[in-house]
Amino acid sequence: MFCEKAIELIRELHRMSDGQLPAFNEDGLRQVLQEMEALYEQNQSDVNEAKSEGRAELIPSIKLRHCCLLRNQRCVTAYLYDRLLRIRALRWEYGSVLPANVRFHMCAEELQWFSQYKKSLASFMRSLGGDEGLDITQDMKPPKSLYIEVRCLKDHGEFEIDDGTVILLKKNSQHFLPRWKCELLIRQGVLEHVVS
Amino acid sequence: MFIADIRKDFYEVVANQRVVLLVAPDIDALCACKILQALFHCDQIQYTLVPVTGWQDLGTAFLEHKEQFRYFVLINCGANVDLLEMLQPDDDSIFFICDTHRPVDVVNVYNDTQIKLLIKQDDDLGVPSYDDIFRDEDEEGEDSGNESDEGSEPSGKRRRFDEGAVERRIERQRAKREWEARRREILFDYEQYEYHGTSAAMMFFELAWVLTKDTKDMLWWAIIGLTDQWVHDKITNMKYVTDIATMQRHVSRHNHRNEDEENSLSIDCMRISFEYDLRLTLYQHWSLYESICNSCYTSCSFKLWTLNGQKKLQEFLADMGLPLKQVRQKFNSMDMSIKENLRDVIEESSNKYGMKDIRIQTFGVHFGFKNRFLASDMVHATAALLESAEKDDSETDTFIKALDALSRSNIDRLHSGIELAKKKLIAIQQTVASCICTNLILSQGPFLYCYLMEGTPDVKLFSKPMALTLLCKYLLKAFSLCSFAHGVLDVEKGTVIVVGIPPESETSDKKNFFGRAFEKAAESTSSRTLHDHFDTSIIELKTEDRSKFLDALITLLS
């Protein structure tokens, strides 16, 4: 049946509904594009035939193929757009350097898009808040205090903070650190915020 | 050196610095740690908390953190050993030690630069004076200088002077030998007994009070720290009563607000109250009957492992007019009419059965309608969590769980701790009963000895020091009067954990000589021992060396 492949792509994204980025399905995309090309070719020839020989009974099949083409187009653009949205969310989640396994799942054009998004976000942040700019990717929820207590869930080794001091993150050690230095690690699951 | 003003010399020094907290695994240390953490949160002092379970852990933690941190706070570890020699720190590392272990090592007392002791100077210490132990090195240099001079120029003309000089030299050497002998004796007397001082939690609460940053939570933690010392028999009754009086003053100060009728606090606020309550462990979270059967005091007084004892217990209950059905129910479901005068009724009847101290001064807390706890309940629950023998939990995991249980927002954890504590108490009771009935307690001359073998039920529970010590004390009370040593086999490592406790008596000063005795016995038989615990009376020993170690111990102590 037509458009099966396109639905496959959508289903793939739908399966990973928590914002994870699956690998870029080049194969699937190529197959959909090939199907679209085949349908288009058939439609072209049928239209020519219908025009020249006046065969009106070809019109429903032309219409069907046209609908399939539109459907495929819609599915493919939805697939690509949803991936872009997920990649954009990754910038807010992971920061400007993505872990290698995530980058592996993106195709070259997506990587390029990501770096351009990074650039625009950075220039926007620089334009706010006077000279130094304002890092709006920190403090996603309004903070209750400047310093928080965190507990280390796994051995992470040494962790360097802005002012040069190094902290050894060993399993089950607890630390009392400024909030902005821990947020990234909390999101990654290395540290856990302790509420007492 | 001892710190005179804890606010100026400790708190303000670390105020803008980052500190490492090294905390020992006992309840007093956990409470002290919570108080200190709360203070640091107030003033945003950055810190790193590392649990340490023994001397090796302490050394490792120090090595890992010494590059990044200058200030180390040691809670309930480190005072009774020459810390500078053990850790070999750089000159700019500063250690603040708040430890209940006594005697404090003399090097720690007299070091002026790197070691600061957060201990009151008059806290039952009896430290020998400086001149008795340390001698200036200049005199010795003079001596040897003179000798070499005389040695290198023996000329006839100076012979008369030589004789005078030789006499003086002999005199000096004799004085030195005498001084050294006296020094050895003084040090031996000072270091032979191990005991405990004021609770670390109370020290930090006092710091909070001086800073006027004390809260009811901190007060409650200080009370739990003190009660831990009493439950695990670390301090004398006198000291406990004195410290309770101190805490009572703080409690009344905090309760002052409750007095006002119009502005009474909501039921959810925390209220601490002084209680002259029963010595039955966990009785409010258990049934009265179970509690009487499994509390050390009542079980030993009745001798509940004998048939006679069981009968006496039934008589006791009948004497008070408590029906068995009520007494076996959960305490909260007992009839109100029975619960009302329970304490007085029990006290009256216990006097008849020879239990004069069935009631003890303590504190209770309640917040919300459901949550009422006595200080000793909290101690037992947290201790059970700290030493739970789960397979997957490492020691730091249990430390974190126990630390969490002390916060009021983790009531579930506390309740699970109480359940574990009940199991632990039942296990102790059963082991005591079986040890006595099967005559596992051997008299080895100067002390009694009991060895728990591999197949004994609950042996995993007893391979932890605090549980084992509780078992020892219980056994001792049951068997009474001699001093006691106890071994438990740990199959995995092929080692035995040995615990020694001093003789039990009403006026005992809780001084334990087993620490030194273990060391000497291990040396003389060259047994493979591990003195890793902060309490020197608990060691690990290779199973094969057990018998020769024991023989050496017997000869040493007789």
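**Exercise 1. Decide whether A:Leu64 is buried, partly exposed or exposed, then place it in chain A.**

Step 1. A:Leu64 has a relative accessible area of 47%. The model is predicted.
Step 2. Buried means under 20%, and exposed means over 50%. So A:Leu64 is partly exposed.
Step 3. A:Leu64 sits in helix α3 of chain A, residues 59-94.
Step 4. Together with A:Met1 and A:Phe2, A:Leu64 makes a nonpolar surface patch of about 350 Å².

**Exercise 2. Find which parts of chain B are tied together by B:Lys120 and B:Glu206.**

Step 1. Their side chains meet in a salt bridge, 3.0 Å from N to O. The cut-off is 4 Å.
Step 2. B:Lys120 lies in the loop between β6 (115-117) and α6 (130-133), while B:Glu206 lies in helix α9 (residues 200-210).
Step 3. The pair therefore ties together parts that are 86 residues apart in sequence.
Step 4. Check the exposure. B:Lys120 is partly exposed at 37% relative accessible area. B:Glu206 is also partly exposed, at 27%.

**Exercise 3. Work out where B:Arg516 and B:Glu519 lie relative to each other.**

Step 1. Both are in helix α22 of chain B, residues 514-525.
Step 2. They are three residues apart, about one turn of the helix.
Step 3. Their side chains meet in a salt bridge of 3.4 Å, N to O.

**Exercise 4. Describe the salt bridge between A:Glu57 and A:Arg55.**

Step 1. The N to O distance is 3.3 Å.
Step 2. A:Glu57 is exposed, with 52% relative accessible area.
Step 3. A:Arg55 is partly exposed, at 31%.

Methods. Residues are numbered from 1 along each chain as its sequence is written. Chains are lettered from A and ligands numbered from 1 in the order in which they are written. This is a predicted model: local features need pLDDT of at least 70, side-chain atom pairs count only at pLDDT 80 or more; totals for chains, interfaces and linings use all residues. Side-chain values use heavy atoms; hydrogens and water are left out. Patches are made of residues with over 30% relative accessible area and no salt bridge: like charges are joined within 9 Å, nonpolar side chains (Val, Leu, Ile, Met, Phe, Trp, Tyr) within 5 Å. Accessible areas come from the Shrake-Rupley method with a 1.4 Å probe; for residues, only the protein chains shown count as cover. Helices (H or I, at least four residues) and strands (E, at least two) are DSSP runs, numbered from the N terminus. Buried means under 20% relative accessible area, exposed over 50%, partly exposed in between (1.4 Å probe, protein chains only).
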